[in-house]
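These are my notes from a first look around. I wrote them for anyone opening this model fresh, so come along and check each stop as we go.

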Amino acid sequence: MREEKSFMNVPQHVAIILDGNGRWAKSKGMPRNYGHAQGSKNVERICEEAYRMGIKYLTVYAFSTENWNRPQDEVDALMKLLRNYMKTCLKTAGKNDMKIRVIGDLSRLDDDIRGRIAELVEATKNNKGLNFQIAINYGSRDEMVRAVRRLAEDCASGRIKADDIDETLFEHYLDTHDIPDPDLLIRTSGEQRLSNYLLWQMAYTEFYFTEILWPDFTKEELVKAVAQYNARDRRYGGVKEEQDV
């Protein structure tokens, strides 16, 4: 396995949709919340393995803007899990030198959760290891709408001119500013859709879908995904010189 990884072109940025926690728990006769708890523990394991492989950026979809529509007891349990995870992540980040960034609209979260997020981001801002992004109350359409509002405000105030707006400027207003676009997206549990995740950023991302449920996603599965990424021919809309147009 180590030899295989050493010969692979490791993507700089991997994004993951952590899907299948509830189904994993149901298959074991356990409540959905048990699956979410086990899924959060697996995030820590995959963070460590990703960094060992040479991945520099890892972004996970923890809670979407649509997840508020789930049953209230499940939402409450997810918020409780999030509170606990912020504490655990602070310890893990210190041990592994991870730099944490949280993307999404945090205004809907409770004050104590926002406080823990701010503490985590501040405590890890100078770390030099894995750049770990957590998407919380995140939806890509919401992100772009928020970006456009701030951009419009800056236009109205005269800070920028309409003629100055291009892709580079617009990206500065996104939650992911200063973070490279994902090279590889992994979605577990067999679903094959983006679910409102990083729509702008994944214009040229390679997609990898697996039937494996997230709590069962191991470092070996991560290696499989990266190996599949290596088999792709990324041309970004162009062609190789030896190919005909």
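Is R70 buried, partly exposed or exposed? I looked up its relative accessibility, found 30%, and so noted R70 as partly exposed. Before going further, I reminded myself that this is a predicted model.

**Entry 1: R70 and its partner**

I then checked what the R70 side chain meets. R70 and E74 form a salt bridge, with N and O 3.0 Å apart. I looked up E74 as well: its relative accessible area is 7%, which is under the 20% cut-off, so I call E74 buried. This bridge therefore joins a partly exposed residue, R70, to a buried one, E74.

**Entry 2: more salt bridges**

How many salt bridges does the structure hold? My search gave 18. As background, I jotted down that side chains of opposite charge can pair when their charged atoms come close.

I picked out D110 next. Its salt bridge is with R83, and the closest N and O atoms are 2.8 Å apart. The two partners come from distant parts of the chain, 27 residues apart: D110 sits in the loop between β3 (99-103) and α5 (111-124), while R83 belongs to helix α4 (residues 72-96). I found D110 at 42% relative accessibility, so D110 goes down as partly exposed.

I also followed bridges that share partners. One network came out of this, made of D19, R23, R187, E191 and R193.

Within that list I looked at R187 and D19. Their side chains meet in a salt bridge at 2.9 Å, N to O. This pair, too, links distant parts of the chain: R187 is in strand β5, D19 is in the loop between β1 (13-17) and α2 (21-27), and 168 residues separate them. Are R187 and D19 buried or exposed? I found both R187 and D19 to be buried.

**Entry 3: a charged patch**

I turned to the surface. There D163, D164, D166 and E167 gather in a patch of negative charge. I looked closer at E167, which is placed in helix α7 (residues 167-172). Its relative accessibility is 55%, and since the cut-off for exposed is over 50%, E167 counts as exposed.

**Entry 4: cysteines**

How many disulfides are there in the whole structure? I searched and found zero. C89 is in no disulfide, and the nearest cysteine sulfur, that of C47, is 7.0 Å away. A disulfide needs the sulfur atoms within 2.5 Å, so C89 and C47 do not qualify. I noted C89 as buried, because its relative accessibility is 1%. C155, by contrast, is partly exposed, with a relative accessible area of 28%.

**Entry 5: backbone angles**

Most residues other than glycine have a negative phi. With that in mind, I went looking for positive values.

N137 is one of my finds: it is not a glycine, yet its phi is positive, about 45°. I traced N137 to strand β4 (residues 131-138). Its relative accessibility is 4%, so N137 counts as buried.

S195 is another, with a positive phi of about 50° although it is not a glycine. Where does S195 lie? I found S195 in the loop between β5 (184-187) and β6 (206-209). S195 is partly exposed, as its relative accessible area is 29%.

Definitions and conventions:
Residues numbered from 1 in each chain as written. Predicted model: local features only at pLDDT ≥ 70, side-chain atom pairs only at ≥ 80, totals over all residues. Heavy atoms only, no water. Patch = residues over 30% accessible without salt bridge, like charges linked within 9 Å, V, L, I, M, F, W, Y side chains within 5 Å. Areas by Shrake-Rupley, 256 points an atom, 1.4 Å probe, with all protein chains shown as cover. Salt bridge = Lys/Arg side-chain N within 4 Å of Asp/Glu carboxyl O. Lys, Arg positive; Asp, Glu negative; His and termini not counted. Charge placed at Lys NZ, Arg CZ, Asp CG, Glu CD. Helix = DSSP H or I, 4+ residues; strand = E, 2+ residues; numbered from the N terminus. Buried < 20%, exposed > 50% of the residue type's maximum accessible area, 1.4 Å probe, protein only.
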